[in-house]
Amino acid sequence: MATIELVGRDRVFSSLEEYFDHVSEAVGFPKLYQHFQSDTFESDGLRLHADIYEHSPNAPTIVFMPGTAIYSLCYAEFLYALGQHGFNIVGFDPRGHGQSEGTRGDYTISELMTDASNAITYAINRFNDNVSLIGSSQGGIVSFYLAAQDKRLKSVVCQNFADLTWEESMKLTRFPRLARYAKPLLMKFGKIMPDTPVPVSMYLDLEKIKVKYFGNAKNFMMGDPLALQSITFRALHSLATTEIPKPIEEIDTPVMVFQGTADSIFPVDYTRSIFDRLKVKKRFRLFEGLDHAIMVENPDIIVRPIAEWLEEVH
């Protein structure tokens with residue numbers, strides 16, 4: 001586990017448990033972290049943190065990957081609710097995120113794919129090989145890319161996905177028109193000064209993303225001691241240039257994708273255009289009026305349809 005000073009907006013915390021207790025008292029966030037066991041596994045020589053909910057040794061196992069800048073237990077309400085439907089849960093913090101080792105905010109999509117693949121191996125070794133992968137936002141993109149590569153998966157469930165080399169993916173940035181012109185500069189900076197940090201708020205409008213208990217994503221990320229405030233140019237370069245391992249039409253792992261119709265980052269027509277290219281068993285679930293933080297904001301609404309898909313494929 002990484003050694004990270006737990007500095008919040010107003011105080012320093014001696015442990016993550018102390019921070020979660022503080023949040024519970026301050027905003028009413030439920031103490032669901034108590035239902036998860038902590039463990040680690042190795043990925044490229046780094047120790048990555050895992051949060052484990054065990055339903056039963058023979059139950060299907062769900063590996064979960066969080067979105068940009070945050071970590072597994074940010075989704076504790078969703079993960080606990082899904083576990084209650086009869087699944088083992090292995091949530092993990094990718095390198096440079098949360099409680100995992102690695103330079104903070106420095107990664108590539110290919111490295112995150114390696115982390116997810118090693119999390120799948122951990123889940124198989126701990127439980128069984130009846131495994132699906134769920135990812136949120138950036139984690140959804142990585143999960144989608146793994147669907148094109150990892151034959152062990154029974155399915156992937158993506159809260160949003162993308163083809164990062166497609167020009168239409170510029171729609172996903174905070175300033176899409178500017179991004180089209182800035183992409184050549186981004187590629188250059190990613191090579192000549194890859195370690196330079198870029199604030200997350202420069203490319204994602206965090207104030208627009210509603211987050212339960214905290215008001216919006218900016219408030220949460222400014223106060224949370226483990227949330228990333230920036231990622232490197234190397235990470236941004238990867239987010240703009242990484243190719244999916246094989247054509248979307250050739251993916252043969254079942255795929256479910258879901259999002260809210262009011263998602264402020266991923267337009268529905270963008271998601272639909274990729275979904276329509278899939279030739280495999282698939283499902284697209286839209287949730288009327290819900291925003292990008294759907295897995296944190298509305299776990300009670302989304303968990304049943306996701307559980308139904310997982311019960312079907314497993």
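I count a residue as buried at under 20% relative accessible area, exposed at over 50% and partly exposed in between, with a 1.4 Å probe and protein chains only. I take helices (H or I, at least four residues) and strands (E, at least two) as DSSP runs, numbered from the N terminus.

**Entry 1: basis.** I note that this is a predicted model, in which local features need pLDDT of at least 70 and side-chain atom pairs count only at pLDDT 80 or more, while totals for chains, interfaces and linings use all residues. Residues are numbered from 1 along each chain as its sequence is written, and side-chain values use heavy atoms, with hydrogens and water left out.

**Entry 2: the chain.** I find 10 helices and 14 strands. Of the 314 residues, 57% are buried. I looked up contacts (heavy atoms within 4.5 Å): among those with a separation of 6 or more, 74% join residues 24 or more positions apart. The exposed surface is about 12800 Å², with 50% of it supplied by carbon and sulfur atoms; such areas come from the Shrake-Rupley method with a 1.4 Å probe, and for residues only the protein chains shown count as cover.

**Entry 3: helix 7.** I turned to residues 233-241, where seven of the nine residues are buried. These are Phe233, Ala235, Leu236, His237, Ser238, Leu239 and Ala240.

**Entry 4: the sheet.** I call two strands paired if DSSP finds at least two bridges between them. An open sheet of eight strands follows the order 3-4-6-5-7-8-13-14, with mixed pairing. Strand 3 (37-43) and strand 14 (282-287) are its edges, each pairing on one side only. On average, neighbouring strands are turned by 20 degrees against each other, direction ignored; axes are lines fitted to C-alpha atoms, for helices over the stretch in contact, and angles run from 0 to 180 degrees between N-to-C directions.

**Entry 5: strand 8.** I looked up residues 155-159 and found five of the five buried, so strand 8 is largely enclosed by the rest of the structure. Ser155, Val157 and Gln159 point one way, and Val156 and Cys158 the other. In a regular strand, side chains alternate between the two faces of the sheet. Strand 8 runs parallel to strand 7 (residues 131-136), joined by five bridges; Leu133 has Val156 as its bridge partner, and Ile134 has Val157. Between these strands the chain passes through helix 4 (residues 138-147), in a right-handed β-α-β crossover. Right-handed means that, with the strands pointing away from the viewer, the path from the first strand over the helix to the second runs clockwise. Strand 8 is also parallel to strand 13 (residues 255-260), through four bridges, and there Val157 stands opposite Met256. Helix 4 lies across strands 5, 7, 8 and 13, at about 145 degrees to strand 7.

**Entry 6: strand 6.** I find five of the five residues of strand 6 buried. Asn88, Val90 and Phe92 point one way, Ile89 and Gly91 the other. Four bridges pair strand 4 with strand 6 in the antiparallel sense, and Ile52 stands opposite Val90. Strand 5 runs parallel to strand 6, also over four bridges, with Phe64 opposite Gly91. A right-handed β-α-β crossover leads from strand 5 through helix 2 (residues 76-84) to strand 6.

**Entry 7: cysteines.** How many disulfides are there? I required cysteine sulfur atoms within 2.5 Å, and the count is zero. Cys74 is buried at 12% relative accessible area, and Cys158 is buried at 0%.
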